[in-house]
Amino acid sequence: MDRNQLFLELKNIQGRGITIFLEGEKSTPETVASQLCVQEDNCSYMRDYVYDEGVLTELHFDKVRCK
């Protein structure tokens, strides 16, 4: 995954008022893009979209497996 492309996507999401979380902690586009693109421990992350009355309010990134 291209780090800059992911950063821009997340920056856009955050700009729409959507809160971003990484491993259960409130995070930033910079931190998430960096962590997901480095992945020194060979872990994969899953996106979890949280909706409130049909409106996307949160985006969570959680580790799902490590090799």
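**Two helices and a couple of odd loops**

Okay, let me start with a single residue: Q5 counts as exposed, because its relative accessibility is 57% and the cut-off for exposed is over 50%. Keep in mind that this is a predicted model, and the numbers I quote are computed from it.

So where does Q5 sit? Q5 is in helix α1. The C-alpha atom of Q5 is separated by 8.8 Å from that of A33, and those two residues are 28 apart along the chain. I'll come back to A33 in a moment.

First, the overall layout. We have 67 residues, and 27% of them count as buried. The secondary structure comes to 2 helices and 4 strands, and from the N terminus the order reads α-β-β-α-β-β. If you take the contacts between residues at least 6 apart in sequence, 41% of them join residues at least 24 apart.

Now, helix α1. It has 13 residues and reaches 18 Å from first C-alpha to last, close to the 18 Å expected at 1.5 Å a residue. Which residues of α1 are buried? Those are L6, L10 and I13. They end up on the same side of α1 because they cover an arc of only 55° around the axis. The general background is that an α-helix has 3.6 residues a turn, so residues three or four places apart point the same way. On the face of α1 turned away from that buried side you find the exposed residues N4, Q5, L8 and G15. So there's our Q5 again, exposed at 57%.

Helix α2 can be read in a similar way. Its buried residues are P29, V32, A33 and L36. Their arc around the axis is only 95°, which puts them on the same side of α2.

How do the two helices meet? For two packed helices, the usual description is the angle between the axes plus the distance between the axes. Here α1, residues 3–15, packs with α2, residues 29–38, at an angle of about 145°, and the axes are 9 Å apart. The crossing is right-handed. On the α1 side the contact uses R3, L6, F7, L10, K11 and Q14, and on the α2 side P29, E30, V32, A33, S34, L36 and C37. Sorted by type, that contact has 8 nonpolar, 2 polar and 3 charged residues.

Next, S27. You'll find S27 in the loop between β2, residues 25–26, and α2. Is S27 buried or exposed? Buried, because its relative accessibility is 12% and buried means under 20%. And what does S27 touch, if we leave aside its neighbours within four places in sequence? The list is Q14, I20, F21, L22 and V32. Q14 and V32 also turn up in the contact of α1 with α2.

Last stop, backbone angles, for anyone who likes checking phi. E23 has phi near 55°, which is positive in a residue other than glycine. E23 is in the loop between β1, residues 19–22, and β2, and it counts as partly exposed at 39% relative accessible area. Then there's E53, not a glycine either, with a positive phi of about 55°. E53 lies in the loop between β3, residues 43–52, and β4, residues 55–66. At 78% relative accessibility, E53 is exposed.

That's me done, over to you.

Technical notes
Residues numbered from 1 in each chain as written. Predicted model: local features only at pLDDT ≥ 70, side-chain atom pairs only at ≥ 80, totals over all residues. Heavy atoms only, no water. Axes fitted to C-alpha atoms, helices over the stretch in contact; angles between N-to-C directions. Left-handed = near helix turned anticlockwise from the far one by under 90°. Contact = heavy atoms within 4.5 Å. Nonpolar A, V, L, I, M, F, W, Y, C, P; charged D, E, K, R; others polar. Buried < 20%, exposed > 50% of the residue type's maximum accessible area, 1.4 Å probe, protein only. Arc of directions from axis to C-beta. Expected span 1.5 Å × (residues − 1).
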